[in-house]
Amino acid sequence: MFDPHLPHSAVIDQRVQESPGIFSLRLQYVDTHVQDIFEFQPGQFNMLSLFGVGEVPISIVSDPDDSHFFDHTIRVAGRVTEAMSRLQPGDRVGIRGPFGRGWPMAQAEGQDVVVVTGGLGCAPLVSVIRYLLRRRDRFGDIHIMQGVKHEDDLIWRRQYETWSREHGINVQLAADVPGKAWPWQQGLVTELINTLDLNLETTISMLCGPELMMLAAIAQLRDMGLADQQIWLSMERNMQCGFGQCGCCQVGPKFVCKDGPVFCYSEVADFLGAKGF
Ligand SMILES: Cc1cc2nc3c(=O)[nH]c(=O)nc-3n(C[C@H](O)[C@H](O)[C@H](O)COP(=O)(O)OP(=O)(O)OC[C@H]3O[C@@H](n4cnc5c(N)ncnc54)[C@H](O)[C@@H]3O)c2cc1C
Ligand code: FES
């Protein structure tokens with residue numbers, strides 16, 4: 001059986017520079033048996049470590065069906081991610097995981113799915129989008145809304161364009177500061193939500209991004225008639241252990257690392273955006 005608490009060595013198969021400060025790594029466990037038995041759910045994360053530097057939690061962005069590799073997309077934020085940005089194919093990282101509770105994919109079956117993301121908040125939901133597209137007949141319409149501050153911050157542009165051409169997929173992008181040729185919306189991603197004509201009985205929404213953005217999106221979705229149980233979000237906190245031992249990531253009685261990072265809105269409503277949490 002696969003033990004997520006044990007670190008394993010993984011080798012970088014591919015490296016893609018997505019934007020000046022964001023890169024993706026395609027990884028494979030060095031031990032092929034470990035790669036064969038490694039499984040994860042969309043929304044779960046791994047702890048990635050560089051020996052002598054440190055360890056960071058990073059979402060898995062590939063589809064769980066891609067069993068020969070797994071992808072991480074990483075923004076350079078500080079010490080560890082900066083060191084990781086210098087890695088090249090053939091280099092190795094340590095991996096513990098997968099950790100956490102992913103998105104409610106079973107609950108989403110048969111439903112329309114609304115995905116609202118901001119900045120690199122798209123990362124924990126790209127795995128969901130890939131999952132939905134591979135199993136298209138099991139889900140209703142898919143609405144994908146992604147917002148960025150500046151047009152240049154948009155990664156996976158070609159991917160969004162490809163998705164937008166698929167039947168039953170509604171892709172809308174927004175940039176606060178668009179360039180002259182930006183074909184999408186100018187403004188906040190939350191402004192796009194008003195354009196939706198939701199089927200209230202059969203819709204589930206999944207959000208990830210800055211907490212203020214998620215709060216605004218939640219307020220709109222609730223105003224439009226979605227119940228709290230139809231609203232799910234992924235939260236971020238500083239992490240150390242990744243499995244409920246150190247207490248670093250607590251939000252009230254919940255541990256983001258093991259009870260989340262994906263929560264139903266009703267579970268975290270009292271703490272979201274509240275000072276001190
Ligand atoms: C469940 C989870 C999934 C994540 N998925 C991704 C991902 O897919 N891609 C990605 O690029 N990043 C992701 N992150 C964020 C990533 O873990 C941090 O950017 C990283 O730990 C920063 O480490 P560092 O040593 O480079 O920077 P540090 O020097 O440790 O930190 C730089 C700055 O970022 C702050 N910071 C560090 N971690 C967090 C955090 N979790 N939330 C808010 N502020 C933080 C620090 O306080 C400091 O101000 C995720 C975080 C969590 C908790
Ligand atoms: S990261 Fe240690 S308890 Fe969550």
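**Legends to close-up views of the predicted model**

**View 1. Residues around ligand 1.** Ligand 1 is surrounded by 20 residues (each with a heavy atom within 4 Å of it), the closest being Pro 57, Thr 73, Arg 75, Thr 81 and Asn 238. By class, this shell holds 11 nonpolar, 5 polar and 4 charged residues. Here Ala, Val, Leu, Ile, Met, Phe, Trp, Tyr, Cys and Pro count as nonpolar, Asp, Glu, Lys and Arg as charged, and the others, Gly among them, as polar. The model is predicted: local features need pLDDT of at least 70 and side-chain atom pairs count only at pLDDT 80 or more, while totals for chains, interfaces and linings use all residues. Residues are numbered from 1 along each chain as its sequence is written, chains are lettered from A and ligands numbered from 1 in the order in which they are written, and side-chain values use heavy atoms, with hydrogens and water left out.

**View 2. Polar contacts of ligand 1.** A polar contact is a pair of N or O atoms within 3.5 Å; within protein, one must be able to donate a hydrogen and the other to accept it, and residues adjacent in sequence count only if both atoms are side-chain atoms. Thr 81 places a polar side-chain atom 2.4 Å from an oxygen atom of ligand 1. Two contacts involve the backbone: a polar atom of Arg 75 is 2.6 Å from a ligand oxygen, and an N or O atom of Val 80 is 3.0 Å from a ligand oxygen. Taken alone, ligand 1 exposes 880 Å², of which the protein buries 70% (Shrake-Rupley method, 1.4 Å probe).

**View 3. Elements that line the ligand.** Strand E4 (54–59), strand E5 (70–75) and helix H2 (79–84) each give two or more residues to the shell around ligand 1. Of the elements, E4 gives the most, with 4 residues. Helices (H or I, at least four residues) and strands (E, at least two) are DSSP runs, numbered from the N terminus.

**View 4. His 72 and its neighbours.** His 72 belongs to strand E5 and is buried, with a relative accessible area of 0%; buried means under 20%, with a 1.4 Å probe and protein chains only. A polar atom of the His 72 side chain lies 3.5 Å from the backbone oxygen of Ile 58. Leaving out residues up to four places away in sequence, His 72 touches (heavy atoms within 4.5 Å) residues including Phe 23, Leu 25, Asn 46, Leu 48, Ile 58 and Val 61.

Note on methods
Buried < 20%, exposed > 50% of the residue type's maximum accessible area, 1.4 Å probe, protein only.
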